[in-house]
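Colleague: I have a model to go through before the group meeting. Could you show it to me, and then I will ask about the details?

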Amino acid sequence: MAEQNNGAAGADQAQFSIQKIYVKDVSFEVPGAPQVYSEPGQPQLELNLNQKVGRVGEGLFEVVLGITLTCKLADKTVYLAEIQQAGLFALAGFDDRTLDMMLGTYCPNVLFPYARQFIGDLVAQGGFPPFYLQPINFEALYAEGLRRRAEQSAAPAEIGNA
């Protein structure tokens, strides 16, 4: 009897596995080369981060972490580095809320070190000082996204009641 209960519990157990990690797209541009290497001034860096999740099959999801790093000097672009670091993740046995949280926090945390290394290598191989992308708190970003979604879904109801 105990074995049957354990077997049933095991069948309902949540499962997560990494199927594949890969670079989906990458780009590095230095539009003002070679003159840009000798221009004086303090460059400004702008970092944009995005994430896309798509269902590939039953319990199989592609998560793409996009990072765009733009370096400008005055109004000129010194360099532009972009990467779409992707992964295939198998997730089964999760309720909808936990599945959303796993895809929004855990999967990007797995992909981030790969994207971070790639961006750093692109910048260094482009002839610029090393760039070290600081850790990103995907849990905080996910919580902020949930808060925004809640505000957006509440706003139409308030307008309708007005």
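Colleague: Which residue in S4 does Leu60 stand opposite?

Modeller: Leu60 faces Ala90 in S4. Please keep in mind that this is a predicted model.

Colleague: How many bridges join S3 to S4, and in which sense do they run?

Modeller: There are 14 bridges between S3 and S4, and the two run antiparallel. They form a hairpin with 2 residues between them, where Ala74 in the turn has a positive phi of about 60°.

Colleague: What about the hairpin of S2 and S3: which residue takes a positive phi there?

Modeller: That is Gly59, with a positive phi near 75°; this hairpin also has 2 residues between the strands. S2 and S3 pair in the antiparallel sense over 13 bridges. Within S3, Gly66 is the bridge partner of Asn50.

Colleague: Stepping back, in what order do the strands form the sheet, and is it open or closed?

Modeller: The sheet is open, and its 4 strands follow the order S1-S4-S3-S2 with antiparallel pairing. At the edges are S1 (15–29) and S2 (44–57), each of which pairs on one side only. From one strand to the next, the twist averages 15°.

Colleague: Which helix packs on that sheet, and what does it touch?

Modeller: Helix H2, residues 96–125, packs there and touches S1, S2, S3 (60–73) and S4. The direction of H2 makes about 140° with that of S4.

Colleague: Back to S1: over how many bridges does it pair with S4?

Modeller: S1 pairs with S4 (residues 76–92) over 13 bridges, in the antiparallel sense. In S4, Ala92 is the bridge partner of Gln15, and Ala86 is that of Tyr22.

Technical notes: Residues numbered from 1 in each chain as written. Predicted model: local features only at pLDDT ≥ 70, side-chain atom pairs only at ≥ 80, totals over all residues. Heavy atoms only, no water. Pairing = 2+ DSSP bridges. Axes fitted to C-alpha atoms, helices over the stretch in contact; angles between N-to-C directions. Contact = heavy atoms within 4.5 Å.
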